[in-house]
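Let's walk through this one together, starting from a single pairing and zooming out to the whole chain. Have a look at the fold first.

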Amino acid sequence: MSEQVCRECHRIVVGQTCPVCGSSNMSSDWSGMVIIIDTERSVIAKKMSVDMPDKYALKVR
Ligand SMILES: [Zn+2]
């Protein structure tokens, strides 16, 4: 099964539904994986308004 990206929260997930926001609005056309561990101190996390440590895609089409 291939990794897809949730268009709602940009989280990289496996499957057809995002386990966090419950959205099935997925895209397989994405680029740039970023792993956010420390959401408090990560500039990227703030930019993407991410509040949970996870894998995220920078660009989703
Ligand atoms: Zn989501």
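Start with Gln4: its bridge partner in strand E2 is Val13. Keep in mind that you're looking at a predicted model. Zoom out a little from Gln4 and Val13, and you'll find that strand E1, covering residues 3-6, is joined to E2 by three bridges. The two strands run antiparallel.

So what order do the strands take in the open sheet? Three strands make up that sheet, lined up as E2-E1-E3 with antiparallel pairing. Strand E2 (12-14) and strand E3 (26-27) sit at the edges. Each of them has a single partner strand, so one side of E2 and one side of E3 go without a neighbour in the sheet.

Now for the rest of the protein. Count up the secondary structure and you get one helix and five strands. Follow the sequence along and the pattern reads β-β-β-β-α-β. How does the radius of gyration compare with the globule rule? The radius of gyration is 11 Å, close to the 10 Å the rule gives for 61 residues, so the protein is as compact as a globular protein of that length. If you'd rather think in box dimensions, the C-alpha trace spans about 30 × 20 × 15 Å along its principal axes.

Last, a look at burial and contacts. Of the 61 residues, 18% count as buried. As for contacts with a separation of 6 or more, residues 24 or more positions apart account for 37% of them.

Methods. Residues numbered from 1 in each chain as written. Predicted model: local features only at pLDDT ≥ 70, side-chain atom pairs only at ≥ 80, totals over all residues. Pairing = 2+ DSSP bridges. Helix = DSSP H or I, 4+ residues; strand = E, 2+ residues; numbered from the N terminus. Rg over C-alpha atoms; globule rule 2.2 N^0.38 Å. Buried ≥ 20, exposed ≤ 12 C-beta atoms within 10 Å, placed from the backbone. Contact = placed C-beta atoms within 7 Å.
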